[in-house]
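Me: I would like to go through this model by asking, for each label attached to it, what the label rests on. Please set each value against its criterion before drawing a conclusion.

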Number of protein chains: 2
Amino acid sequence: MRHLYHWPIDPFSRQVRLVLEEKGLKTELEITTPWDNPEVLMNYNPAGTPPVLIDHVGGQDRVIAEARPILEYLEETTPTPCMLPGGPAERAEARRIMDWFDRKFDGEVNAYLLHEKLEKRLQGLGSPDPAVLRAGRDHLRWHLDHMTWLLETRDGLAGSRYTLADIAAAAHLSCVDYLGDVPWGEFETVKHWYQRIKCRPAFRPLLEDKWPGMNPVEHYADLDF
Amino acid sequence: MRHLYHWPIDPFSRQVRLVLEEKGLKTELEITTPWDNPEVLMNYNPAGTPPVLIDHVGGQDRVIAEARPILEYLEETTPTPCMLPGGPAERAEARRIMDWFDRKFDGEVNAYLLHEKLEKRLQGLGSPDPAVLRAGRDHLRWHLDHMTWLLETRDGLAGSRYTLADIAAAAHLSCVDYLGDVPWGEFETVKHWYQRIKCRPAFRPLLEDKWPGMNPVEHYADLDF
């Protein structure tokens, strides 16, 4: 058994939840809102942010903090099903795309849309700035264009298989979709890719997430959106 | 033989250069300034940023982009000397600290100091904003405090061994040190740790870096700083 401290609409926590489900690893989930009780997380992760995994092994607790280290840890300790398949070059390509979403998408889209619509509201920091939202949506379109370009030659973002690259991208995109900001109608290729991922049993718990006072957009849990 | 596209005062490129040296992998280095000729890099990395490694294997070129994927690739393909030693939990701790520097230190220190003093100047975007520099230096002190706390119980940042965590931290810190912004006198514990790393033969090429018109601070290459 293991514990995961997470926040439901956090793209990094979501990556870990998806992989735990894909690997069939039973986990007790505990929600922590990073801005309400950082001290809970600070005991485990000096950055004070989710996700944090506590793995109980041989009577001892292993504390693993941050999404990337947790994902690599799960690959090393539970290699089947393998989420980083292929040779070293293919794995590097999957990791490149994970980096792309965790640093580039996070800085260019989440920092605008999630921050303005979700973090500011839940922390009582005022209403979203329309100019910032516009910029975030422009960046999102650019990212969706880039994903289209990748998916025109590949079934998965990093190659023919479903890998951590798809999981990272879907986790990030799913948070923006929760807010209703993804213009699916204009990006058919990405929509079909996301539809396939949304249908996976591992994705179901994410579709049931609802944050009090902050309902998802109507089509959010719909497999035929 | 392999090729590395890098930029000398880029903390991400520096991590890769350090590991290539530690592993004794002969590499031809090619400097690309990200803002002058992104198209060179765009052929290999859609983000248009260094580092990019071209590994020539069996008559074929493997293109590996971005620091983290390159470092994991080098661990997989050249496991000795091992830069991610220990069991899965120890490796996770090293990766957590790499994340800390690549995302947190990068956003809280580099985005202020390197951007204001280096990127703005080299791109002709005006002179540094003193308020931004002050904020960057405050963040840096906080990070040095945090490193002190870690190093008071450990020889290396992630445990008893020298790992990718130390390499990531030293690469980031060395760029800020190039600009003369590290208050070494106030942080003896971190200074001793950095001194040990600076003495490693793998570090020497970094100490010889000089960017035209932008000399490093006087003590930069000094092992007794």
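Me: How do you know how chain A can be laid on chain B, and what turn and shift does that take?

Reply: In this predicted model, chain A can be laid on chain B by a turn of 180° with a shift of 0.0 Å along the axis, and the RMSD is then 0.0 Å. The two copies are thus related as by a two-fold rotation axis. Of the residues of chain A, Arg103(A) comes closest to that axis, its C-alpha lying at 3.7 Å.

Me: Why is it said that the copies meet through the same surface?

Reply: Because 100% of the interface residues of chain A are also interface residues in chain B, the copies meet through the same surface. On each side the contact involves 28 residues, those of chain A touching those of chain B. About 2300 Å² is buried between chain A and chain B, with 63% of it on carbon and sulfur atoms. Pro46(A), Arg96(A) and Arg103(A) lose the most area to chain B within chain A, and together they account for 23% of what that side buries.

Me: What makes the pair Arg91(A) and Glu76(B) a salt bridge?

Reply: The closest N and O atoms of Arg91(A) and Glu76(B) are 3.0 Å apart, and the cut-off for a side-chain nitrogen of Arg and a carboxyl oxygen of Glu is 4 Å, so the pair qualifies as a salt bridge. The count between chain A and chain B is six salt bridges.

Me: Which helix gives the most to the side of chain A that touches chain B, and what kinds of residue make up that side?

Reply: H4(A) gives the most, with 12 residues. Taken as a whole, the side of chain A that touches chain B divides into 12 nonpolar, three polar and 13 charged residues.

Me: Why is Arg96(A) called buried?

Reply: Arg96(A), whose place is in helix H4 of chain A, has a relative accessibility of 6%, and the label buried applies under 20%, so Arg96(A) counts as buried. Leaving aside neighbours within four places in sequence, Arg96(A) is in contact with Leu150(A) in its own chain and with Asn45(B), Pro46(B), Ala65(B), Glu66(B) and Pro69(B) in the other.

Me: What makes the link between Arg96(A) and Glu93(A) a polar contact?

Reply: The side chains of Arg96(A) and Glu93(A) are joined at 3.0 Å, and the limit for such a pair of N or O atoms is 3.5 Å, so the link counts as a polar contact.

Definitions and conventions:
Residues numbered from 1 in each chain as written. Chains lettered and ligands numbered in written order. Predicted model: local features only at pLDDT ≥ 70, side-chain atom pairs only at ≥ 80, totals over all residues. Heavy atoms only, no water. Least-squares fit on C-alpha atoms with pLDDT ≥ 70 in both. Contact = heavy atoms within 4.5 Å. Buried area = accessible area lost by both parts, 1.4 Å probe. Helix = DSSP H or I, 4+ residues; strand = E, 2+ residues; numbered from the N terminus. Nonpolar A, V, L, I, M, F, W, Y, C, P; charged D, E, K, R; others polar. Buried < 20%, exposed > 50% of the residue type's maximum accessible area, 1.4 Å probe, protein only. Polar contact = N/O pair within 3.5 Å; in protein donor to acceptor, adjacent residues only side chain to side chain.
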